[in-house]
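Thanks for sharing this one with me. Here are a few friendly notes to read alongside the model.

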Amino acid sequence: MHSPILDLDFIDSRTPEQASATSCDTKVTEETNTGRQRKLYIESYGCQMNFSDSEIVSSILFEAGFDTTSEAANADLVLLNTCSIREKAEQTVRHRLTQLQHLKKKRPGMVVGVLGCMAERLKKNLLEEEKMVDLVVGPDAYRDLPSLINEVDEGQKAVNVLLSREETYADINPIRLNSNGVSAFVSIMRGCDNMCSFCVVPFTRGRERSRDAHSIVREAQDLVKQGYKEVTLLGQNVDSYKWQSEDGVEKVNFAQLLERVALISPDLRVRFSTSHPKDITDEVLYTMKKYDNICKYIHLPAQSGNSRVLELMNRTYDRNWYIERVDAIRRILGEDCGISTDMIAGFCSETEEEHQDTLSLIDYVQYDYAYMFFYSERPGTLAARKLQDDIPLEVKKRRLQEIIDKQREYSQIRNQLAVGQVQKVLVEGFSKRSDEMLSGRNDQNKVVIFPKQHFKKGDYVNVLITDCSVGTLFGEPVH
Ligand code: SAH
Ligand code: SF4
Ligand code: F3S
């Protein structure tokens, strides 16, 4: 089930279905046919926040007269919503732009735009580097898209990469793209104020700002009315969510927001991503414990198991702090709570002993799964300016492989613990391999496959887990 490692830059120990806030894959648009004049094709790369932004962009452009299409070849406007997190992510987009160039030659009127983090990082230089690009728009400037497209229609190239301290797109009702109609992502904040030394996000997404709590609750309520059963609250660092009303009377932190969303309906599952180890509070953990419908799963990226490396990374916690937070999760939510991580192998000056600390942290925590990367220097970041990227590529790759091998053992062990348990699974659709089998997720975000019987998408089913692989659980419905 787990494919051999082809892409050493992005490695995911889970099945594609389990990929969440930090995964790198691509999604294209579904068709909307409401008879609008022009057709938009949008492709998203990078994290879930980009996928969520594409839904906002589709909504803004729907109002401006665009239907969506799933075929770039049918589109009047092709947008790539891009990611800059690692060099490989940018290479993928450049490769895609080359492919689109051929299409554009065949369709001279077609407008090609780059959105998202690469647009923000490279700004108008992107127009010089990629001559066929007509439009460059950063993550906080999507409201300006209709007028920028007008400029392009008039024969100019158009750029808006202004970052904002306020924009949260709170009032925009996203058009759900590629939705299974069961689970949806809801953006609760934008930007990031942490300055992890390896990370480009603060530069591409700007300052952290939290979205109006009422608009978040309203969006989740609307989703419930439309039949959705699960929402994932998204932010780079959800635990630092903080919103207050204009008069300053109402103040909402992340634990309180989580509670408000959980109270919408006991039938609505609530998830969130990503938690930062320095900010996750016991209050959040107790709120999770209090509500059955808040899923017992936390993505808690460690990045490294060594305190000196964590300091160089500017993560603002050390190994002991991280372990204390994991202990708190286990103490308050029990051993069953799923925990996953992100790890970076071969950060600047990391020694073999320090790498061993990352392996021993994996032994300590026994993660359910992990996203694992080797360090990729990003221009302009603190690390690029102050530290030397001095670990040879071969060493980075070997260390990464050791991390992956260890993690795979624990993914298997953690999945094995589920065998024999009856778990509540929310059905998302048919299994990829057979229409006789359904695929859903348990509380810990693990994919569970079981015989269809009379069940359907959107049902909660109690499933006795009978078997597992590294990435998937298998079972039988119990009545
Ligand atoms: N906000 C999240 C992470 C967002 S980026 C957090 O703080 O955990 C997703 C993941 O990409 C990071 O957790 C990190 O593991 C990885 N990453 C970020 N920059 C990287 C770089 N320069 N090289 C390799 N991996 C990187
Ligand atoms: Fe990047 Fe750190 Fe912010 Fe995560 S918390 S987005 S790793 S700067
Ligand atoms: Fe996300 Fe990539 Fe930007 S991970 S925030 S799309 S750099």
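The points below cover the nonpolar cores and then the annotated cysteines.

1. A reminder before we start: this is a predicted model, and my comments should be read in that light.

2. The largest nonpolar core holds 71 residues, and the members touching the most others are Leu233, Tyr241, Phe254, Leu257, Val261 and Ile298. Helix α11, spanning residues 319–333, gives the most to this core, with seven residues.

3. Another core lies apart from that one; its 24 residues include Leu97, Leu103, Val112 and Met118.

4. Phe254 deserves a look of its own. Setting aside residues up to four places away in sequence, Phe254 touches Ile188, Leu233, Val238, Asp239, Tyr241, Phe272 and Val284. Leu233 and Tyr241 also appear with Phe254 among the core members that touch the most others.

5. Turning to the record, the unreviewed UniProt entry carries a "binding site" annotation on Cys192, Cys196 and Cys199. Cys192 sits in the loop between β10 (189–190) and α6 (201–205), and Cys199 is placed in the loop between β10 and α6 as well.

6. Are these two cysteines, Cys192 and Cys199, buried or exposed? Cys192 has a relative accessible area of 11%, so it counts as buried, the cut-off being under 20%. Cys199, at 13%, is buried too.

7. What does each cysteine contact, leaving aside neighbours within four places in sequence? For Cys192 the partners are Val201, Pro202, Gly206, Arg207, Glu208 and Gln236. For Cys199 they are Ile85 and Thr381.

Conventions. Residues are numbered from 1 along each chain as its sequence is written. Chains are lettered from A and ligands numbered from 1 in the order in which they are written. This is a predicted model: local features need pLDDT of at least 70, side-chain atom pairs count only at pLDDT 80 or more; totals for chains, interfaces and linings use all residues. Side-chain values use heavy atoms; hydrogens and water are left out. A nonpolar core is a set of buried Ala, Val, Leu, Ile, Met, Phe, Trp, Tyr and Cys residues joined through side-chain atoms within 4.5 Å. Buried means under 20% relative accessible area, exposed over 50%, partly exposed in between (1.4 Å probe, protein chains only). Helices (H or I, at least four residues) and strands (E, at least two) are DSSP runs, numbered from the N terminus. Contact means heavy atoms within 4.5 Å. UniProt positions are given in the numbering used here, feature names are shortened, and annotations may be inferred rather than shown by experiment.
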